[in-house]
Structures are given as structure tokens and as C-alpha cells.
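Me: I would like to go through this model by question and answer. Please keep the replies short and reasoned.

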Amino acid sequence: MTPSLWTSDEIAAATGGRVTAPFTASGVSIDTRSLEAGDLFVALAGARDGHEFIPAALSAGAAGSLTLRPAQGACIVVDDTLEGLRRLGEAGRIRARGARRGAVTGSVGKTSVTQAVRAGIERAGPAHGSVKSYNNHIGVPLTLARMPASTRRAIFEIGMNHADEITPLSRMVQPHAVAITTVDAAHIENFADGEAGVAAAKAEIFAGLERGGAAILNADNRWFDYLKAAARRAGAKIRVFGAAKGADAQLIRFSPAPRGASVEARVDGRAVEFPIRQSGAHWGPMSLCALLMMRALDVDLDTALAALGDFEPLAGRGAVSSAPVPGGAITLIDESYNASPVSVIAAVTSLGARATAGRRIVALTDMLELGGDAPALHAALAEPIDRAGIDLVFCAGPLMKSLWDALPPKRRGAWATDAVALAPSLVEALKAGDTIMVKGSNASRAGVLVRALAAGDLQPREGA
């Protein structure tokens, strides 16, 4: 039997709502497509009124709903369902008073690091954490609301697109440890002062950090000194990862391997060498970031290392597979979830270092939210692509046209206005033994290319 998470009376007490009929919920959901039997359905306002989905939620087995007005089935009626979710999340944090909480943010790698940490804390006892990229004003309280009272360790991902978004989320979580993976030119079009504004926004994670808690920072990032000073003002204990001498988790060597890589490091004075299943060079420092967070959440080092060794790359974030082509197969590296200048450079550098029987090929879609410098930032990728020795480059989108124009003719695969238009040329160009990396974002539809390659589909549909 699925254990109880909330009773209707507990939900009402947390949210200030009114119970129309008693029930017990084993989970919390905001989406009928992923709702599980026994969940509380929260009827949020969005493109459509969440109340329209209550019948579907009940058909899927929802125990009851959090609503603005009495509706079909058992309900808890509140003045504002989003505020009700926030209050339920805060009640979840208070109830699990024995849990040590960590929070991760950063321009690159925060989802993967969060999930790697979750894999480690789950080995160490009752644990809880973010799923997917539930890192915004809805995802963070939802994750808190789903946290069982018995939780001993929990990890949360916190993201932002604008200033002043992380502060309330950090205060909601009240973490004992925080990590900033890196600061990069991501979302800079939303900041008048560019990357400096991004750094300031990431530093908001210290707002909710318990005094004396750990601030885990990237010593190799250009904003390290700024973030270190901000963390000290918040009363944090600084913990440092990276290749820099004296780092608490110092990267000594990162070596690509057939099924991932090997990381050699020194962690709190102890020499360690461990395998990981990710091949991207950025996973050298990111693995150490995850290690320090696990240590801050009282996971012993050996358990943390074992968790990293078993942690599979996430879909869209470095997952590797084989795909059929005439005469054999290709190796497909799926980096289609997101892209920024730093992450693209890291990805093509890793591809260049990868052993392959055939050509090294990269397919790129537009990097978004880069502001007025976007064309130049796209064109500037030509140099690291050249250094990495990439054989062919395929580009999709108006911004990637700037890279296409900057490439020498020998590296030009094809350019198209969007991913759907590019897919046939890309699929047709591949040969058995090639290794291809697709790097882009959901918004620029890089996933279309991954699905076309995985299926060998020369005619991807617009709706794919």
C-alpha cells in the first residue's frame, strides 16, 4: 500500500483552506498526464484553467484537488492555488525537520549535478529530491510538498531567468548547503549588465542558506571571487572544487574512456580515482561539485564515489546511444536539452577528444537568450570547433547562420532555417562509424534532430 503523504486536514491546516470532503493523498501533482493514483491534484492557472482538468485527474485516480471553488470530487478550497502550493511546500519542509537540505544552481550542469547528488543521498538513507528540471516558482514548492516526513536528506534544483527569482525559492528551501556549478553567458538578454547580472542572480542562492552552511563554489569560474565574497557575507563555510591548487576537491586529471571517463582528484586531502559514465570534460569538475554536496549532506565519500560511478547520463544531457544507418550504426551523443557558449565549447572539446572509428560531427541549434551579442557569440564557436578537429558541422536556426558563415568550407555540412528543415540533410550525410553530437535547446527544437537520427527518419514531421 502506498504510504500517506498528506491528509486533507493537514493540507487545509497548511494552506488555510476548507475541506469539502475528507481524503488522504499519497502524492502531489499539477499535471494530469503524470498524475498517479492517490495524488492531490493542484488546479493551477496557466494557458488553461487547471479546474478544467479536475475530471481527468479524478479519472486518473486523484484522491482530491486543491481548488479555488468547490468542484467535482473531494476538494480543499483556497483563495489562491499557487500560494496554497507554496504553503504546502513550506509545511513539508517544516514537517521533515530532521532532513538536511541541499540546493544547486548554476548556468550549466545544475540538473545533472542535482540528480547525481540525489543518486548518492538515496544510497545513504531516506532521501528526496527534484525530478526533471523542477526548479522554478512551481517546481520548487511542488518538490517540497512531495517530501515525506521521514526524509533524512534532500536535494533541490533552483533556476532563474531573471533577477530576484532565486531569493524566494532559496528562502523557501532553507538549505544547509548550496552549490553554484558555474556562471556563464546564459539568459544574459534579461540582464542589463550581462554576465555580471547573471552572477548576482546566482548569488541569490545564499539568501536562504542557514548560517554556517556550506557554499560549494567553482574555483575555475571567472566569478569565483565575487561569489566567494557573497557567500562569506551570508556566513557560509566555503567549499571549493575545480583544478585550482588548494581546492577542497581538486581535479588532477580527466581521461576519456570507452564508456565514459576516469576522474583523478584529491578530495579533502585524500587521493581518489573513480570512473563516471559521462564523457564530457565538464563532468570532471561537475563530479567534484556533486561529491562536495554529498559530503555536505553527510554522505560518506565511498558511498558518494560509488553513486557517481553508477550515475547514467540524463536524456538530453550527454546520453550516448547507437543509431542505425546504411551499412552499420553511428554513435549519437544527445546534448539537446540546453545550450550556452560555454557548454557548447565544452561539448565540442569533449567530442574532439573522443575516440571514434569515423568522423566527428556536430549538429547545433540556436543558443537563446543571449541578447545583442548573440550573432557574435554564435560565430565565435568556429574557433573551438577548429581546435577540437570536428570534421563536419550542421547548423539550424537564424543565429546559427552566423556560425555557418564563419566556418571554413571543409567543415560545412548544411545549414537550415530550423531543426525540422535540417534533419533530412543531417540524416542522409551520416556514415557507419561516425560519432555525432546534437547540442541545442528544447526551445530551438534540437530534440527533433535526436529523434530523427535515432530512427534513421529522413522525413521528420513538423510535430515531431
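Me: How many disulfides does the count come to?
Reply: This is a predicted model. A disulfide needs a pair of cysteine sulfur atoms within 2.5 Å. By this rule the count comes to 0.

Me: Is Cys-289 buried or exposed?
Reply: The cut-off for a buried residue is under 20% relative accessible area. Cys-289 has a relative accessible area of 0%, so Cys-289 is buried.

Me: And Cys-395, buried or exposed?
Reply: The cut-off is again under 20%. The relative accessible area of Cys-395 is 0%, so Cys-395 is buried.

Me: How many residues of helix 6 are buried?
Reply: Helix 6 spans residues 166–173 and is mostly covered. Among its buried residues are Ile-166, Leu-169 and Val-173. Thr-167, Ser-170 and Met-172 are buried too. The count is 6 of 8 residues.

Me: What covers the buried residues of helix 6?
Reply: The cover includes both helices and strands. Among the helices are helix 3 (81–95), helix 5 (139–145) and helix 7 (195–202). The strands include strand 8 (100–105) and strand 10 (153–157).

Me: Which residue follows helix 6, and what is the sign of its phi?
Reply: Most residues other than glycine have a negative phi. The residue after helix 6 has a phi near 50 degrees. That residue is Gln-174, and its phi is positive.

Me: Where does Asp-164 lie, and is Asp-164 buried or exposed?
Reply: Asp-164 is not a glycine, but has a positive phi of about 70 degrees. Asp-164 sits in the loop between strand 10 and helix 6. Exposed means over 50% relative accessible area. At 61% relative accessibility, Asp-164 is therefore exposed.

Me: In which loop is Asp-268 found, and how does Asp-268 count by accessibility?
Reply: Asp-268 also takes a positive phi, about 50 degrees, although it is not a glycine. Its loop runs between strand 15 (260–267) and strand 16 (270–276). The range from 20% to 50% is partly exposed. Asp-268 has 43% relative accessibility, so Asp-268 counts as partly exposed.

Me: What is Gly-98 in contact with, leaving aside its neighbours within four places in sequence?
Reply: Gly-98 lies in the loop between helix 3 and strand 8. At 33% relative accessibility, Gly-98 counts as partly exposed. Ala-177 is 79 residues away in sequence and 15 Å away in space, C-alpha to C-alpha. Beyond the four-place neighbours, the contacts of Gly-98 are Thr-151 and Arg-152.

Me: Which residues is Ser-112 in contact with beyond its neighbours within four places in sequence?
Reply: Ser-112 is part of helix 4 (residues 110–124). Its relative accessible area is 8%, so Ser-112 is buried. With those neighbours left aside, Ser-112 is in contact with Trp-283, Phe-311, Leu-314 and Arg-317.

Me: How many bridges join strand 17 to strand 18, and which residue stands opposite Val-320?
Reply: Strand 17 (residues 319–325) and strand 18 (residues 328–335) run antiparallel, with 7 bridges. Their hairpin has 2 residues between the strands, and Gly-327 there takes a positive phi near 90 degrees. Opposite Val-320 in strand 18 stands Ile-333.

Me: In which sense do strand 18 and strand 22 pair, and what stands opposite Thr-331?
Reply: Strand 22 covers residues 435–439. Strand 18 and strand 22 share 5 bridges, in the parallel sense. Opposite Thr-331 in strand 22 is Thr-435.

Me: Which are the edge strands of the open sheet of 5 strands?
Reply: The order of this sheet is 2-7-6-5-4, with mixed pairing. An edge strand pairs on one side only, as do strand 2 (18–19) and strand 4.

Me: What is the bridge partner of Arg-18 in strand 7?
Reply: Strand 2 pairs with strand 7 (residues 75–77) in the antiparallel sense, over 2 bridges. The partner of Arg-18 is Val-77.

Me: Which residues that line the second largest pocket are closest to its centre?
Reply: The second largest pocket holds about 560 Å³ of space. Of the 22 residues in its lining, the closest to the centre are Gly-27, Val-28, Glu-36, Asp-39 and Arg-146.

Me: How do the residues of that lining divide?
Reply: Strand 4 (27–29) and strand 9 (127–129) each supply at least two residues of the lining. The lining of the second largest pocket divides into 8 nonpolar, 9 polar and 5 charged.

Methods: Residues numbered from 1 in each chain as written. Predicted model: local features only at pLDDT ≥ 70, side-chain atom pairs only at ≥ 80, totals over all residues. Heavy atoms only, no water. Buried < 20%, exposed > 50% of the residue type's maximum accessible area, 1.4 Å probe, protein only. Helix = DSSP H or I, 4+ residues; strand = E, 2+ residues; numbered from the N terminus. Contact = heavy atoms within 4.5 Å. Pairing = 2+ DSSP bridges. 1 Å grid on protein atoms, 1.4 Å probe; cavity = no way out; pocket = protein on both sides within 12 Å on 5 of 7 lines; lining within 4 Å. Points joined across faces, edges and corners; volume = space filled by probe spheres on them. Nonpolar A, V, L, I, M, F, W, Y, C, P; charged D, E, K, R; others polar.
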